[in-house]
Every structure is written in structure tokens, then in C-alpha cells.
Amino acid sequence: MGFTLKDLSDPALLKDMDKAVDRLVEAYKSNETICLYADFDMDGTPGLALLIQGLKLCGFENILSFQPDRFEHGYGVHPEIVEDFIVNHGVSLFVTVDVGITDVVAVEKAKEHNVDFIITDHHQPKEKLPPAIAIVNPNQKECDSDLGYLCGTGVAFYLVLGLRRKMNELK
């Protein structure tokens with residue numbers, strides 16, 4: 001007996017998946033510039049590749065990406081880099097891969113510019129969450145998806161599945 005994509009859990013079970021997908025659809029319709037901000041490790045890198053390809057296959061055109069240098073920047077989403085992408089590259093939406101769940105200051109910096117964040121991550125959240133428009137993390141409170149075993153790439157994969165479903169509905 002084979003396994004197909006239809007055998008996977010419904011992406012909509014992940015808390016905030018609907019908000020993330022709706023915001024991405026809005027960005028698609030408005031042809032916004034999106035920055036995919038990924039961790040530099042062996043989970044963030046394939047997750048970034050997957051998300052870039054998934055968005056392109058859904059028809060997105062204005063996609064930028066960034067991975068911090070492990071030695072120069074260290075881990076996390078950095079407010080000065082967020083601001084640079086907003087001011088110098090016209091980014092109006094950030095989507096993280098395998099990072100962001102603890103990066104309150106960076107997301108607040110984006111909000112100062114009226115720029116949205118979608119966080120996809122699997123790391124354990126702290127008490128205070130970033131003020132993102134959507135946080136897709138199976139390990140956050142009130143997420144009843146039973147997908148807590150997913151890595152960051154797995155969470156990004158589920159975002160692509162949810163987005164693909166919504167984009168197919170629009171056709």
C-alpha cells in the first residue's frame with residue numbers, strides 16, 4: 001500500500017496556517033516583494049530552497065532570500081537586516097524558515113514600517129511571542145495539530161501545501 005500526499009495531515013490543523021496563507025495570497029495578488037529569512041543550518045537551508053521553489057511554482061515572482069552568516073551575524077532574525085530589506089529592497093512581507101519564534105525585536109522593527117511577518121518555526125517558543133501576523137509552529141500553545149515532530153523544513157513544507165491548496169481554489 002503506497003503513501004501519497006493525501007495521507008498527510010491537513011495543513012489547516014496548524015495554528016495560524018489560515019492567516020499565513022491568506023497573507024501570502026494577498027501578497028501574490030498585489031505582487032509584493034517577499035523576503036524569505038531562513039536559518040543557516042541544515043534545517044533552514046533546505047527549508048528555504050523548498051519555500052522558494054514552492055512559491056515560484058505558485059506563481060510568485062518577487063522573492064528575495066536571506067540567511068545570516070553564522071560567524072558574522074549569529075542565530076536569529078536581526079532588526080538591522082530586516083530594516084535594510086524594507087528600506088533598500090522594498091520588502092513588504094517576511095516569511096521565516098526555521099527561525100523567528102523568539103525574535104520579538106526584529107518583528108517589532110518590521111511593524112514600525114507597517115511590514116508583516118509570517119513566522120514558520122519548530123523551536124520552542126518563549127512566553128512572549130513576536131507580534132507576527134501569523135506564527136506557524138506546531139510547538140506553540142493552542143496548536144492541536146499533533147505535528148510537533150516536524151523540523152523547520154517540514155513546517156515550511158506544510159505552508160507550501162496549504163498555500164497550494166488555496167491557490168488552486170482561486171483558479
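Buried means under 20% relative accessible area, exposed means over 50%, and partly exposed lies in between (1.4 Å probe, protein chains only). The exercises below use this scale.

This is a predicted model: local features need pLDDT of at least 70, side-chain atom pairs count only at pLDDT 80 or more, and totals for chains, interfaces and linings use all residues. Residues are numbered from 1 along each chain as its sequence is written, and side-chain values use heavy atoms, with hydrogens and water left out.

**Exercise 1. Place Val97**

Task: Decide whether Val97 is buried or exposed, then find what it touches.

Solution.
Step 1. Look up the accessibility. Val97 has 0% relative accessibility, so it counts as buried.
Step 2. Locate the residue. Val97 belongs to strand β3, residues 91-97. Helices (H or I, at least four residues) and strands (E, at least two) are DSSP runs, numbered from the N terminus.
Step 3. List the contacts, meaning heavy atoms within 4.5 Å. Leaving out residues up to four places away in sequence, Val97 touches Tyr37, Ala38, Asp39, Gly44, Gly47, Leu48, Leu51, Thr120, Gly152 and Ala156.
Step 4. Pick one partner. Thr120 is 23 residues from Val97 along the chain, yet their C-alpha atoms are separated by 5.3 Å.

**Exercise 2. Build the sheet**

Task: Work out in which order the strands of the sheet stand.

Solution.
Step 1. Recall the principle. Strands of a sheet pair through backbone hydrogen bonds, either parallel or antiparallel. Here, two strands pair if DSSP finds at least two bridges between them.
Step 2. Read the order. The open sheet has 5 strands, arranged β2-β1-β3-β4-β5, and the pairing is parallel.
Step 3. Find the edges. β2 (63-66) and β5 (134-136) each have a single partner strand, so one side of each has no neighbour in the sheet.
Step 4. Add the twist. From one strand to the next, it averages 20°. Axes are lines fitted to C-alpha atoms, for helices over the stretch in contact, and angles run from 0 to 180 degrees between N-to-C directions.
Step 5. Check two pairings. β3 and β4 run parallel over 3 bridges, with Leu93 opposite Asp116 in β4. Strand β4 (residues 116-120) is also joined to β5 by 3 bridges, again parallel. There, Ile119 stands opposite Ile135 in β5.
Step 6. Add a helix. Helix α2 (residues 44-57) packs on the sheet and touches β1 (33-38), β2 and β3. The direction of α2 makes about 160° with that of β1.
Step 7. Judge how enclosed β4 is. Of its 5 residues, 4 are buried, so β4 is largely enclosed by the rest of the structure.

**Exercise 3. Classify two helix pairs**

Task: State how α1 lies to α5, and how α3 lies to α4.

Solution.
Step 1. Know what to look for. Two packed helices are described by the angle between their axes and the distance between the axes.
Step 2. Set the classes. Angles under 35 degrees count as roughly parallel, over 145 as roughly antiparallel, 65 to 115 as roughly perpendicular, and the rest as oblique.
Step 3. Take the α1 and α5 pair. The axes of α1 (residues 17-30) and α5 (residues 152-170) come within 9 Å and cross at roughly 55°. That makes α1 oblique to α5. Residues that meet include Leu24 and Tyr28 in α1, and Leu159 and Leu163 in α5.
Step 4. Take the α3 and α4 pair. α3 (residues 79-89) and α4 (residues 104-112) pack at about 25°, with axes 8 Å apart. The two are therefore roughly parallel. Pro79, Val82, Glu83 and Ile86 in α3 meet Val105, Ala106, Lys109 and Ala110 in α4.

**Exercise 4. Count the disulfides**

Task: Find how many disulfides the model has, and explain why Cys35 is too far for a bond.

Solution.
Step 1. State the rule. A disulfide is a pair of cysteine sulfur atoms within 2.5 Å.
Step 2. Apply it. The count comes to 0 disulfides.
Step 3. Explain. The closest cysteine sulfur to that of Cys35 is in Cys58, 18 Å away, which is too far for a bond.
Step 4. Add the surroundings. Cys35 is buried at 0% relative accessible area. Cys58 also counts as buried, at 14% relative accessibility.

**Exercise 5. Contrast two aspartates**

Task: Say where Asp98 and Asp146 are found, and whether each is buried or exposed.

Solution.
Step 1. Check phi. Asp98 has phi near 65°, a positive value in a residue other than glycine. Asp146 has a positive phi near 60°.
Step 2. Place them. Asp98 is in the loop between β3 and α4, while Asp146 lies in the loop between β5 and α5.
Step 3. Read the accessibility. Asp98 is buried, with a relative accessible area of 0%, whereas Asp146 is exposed, with 69%.
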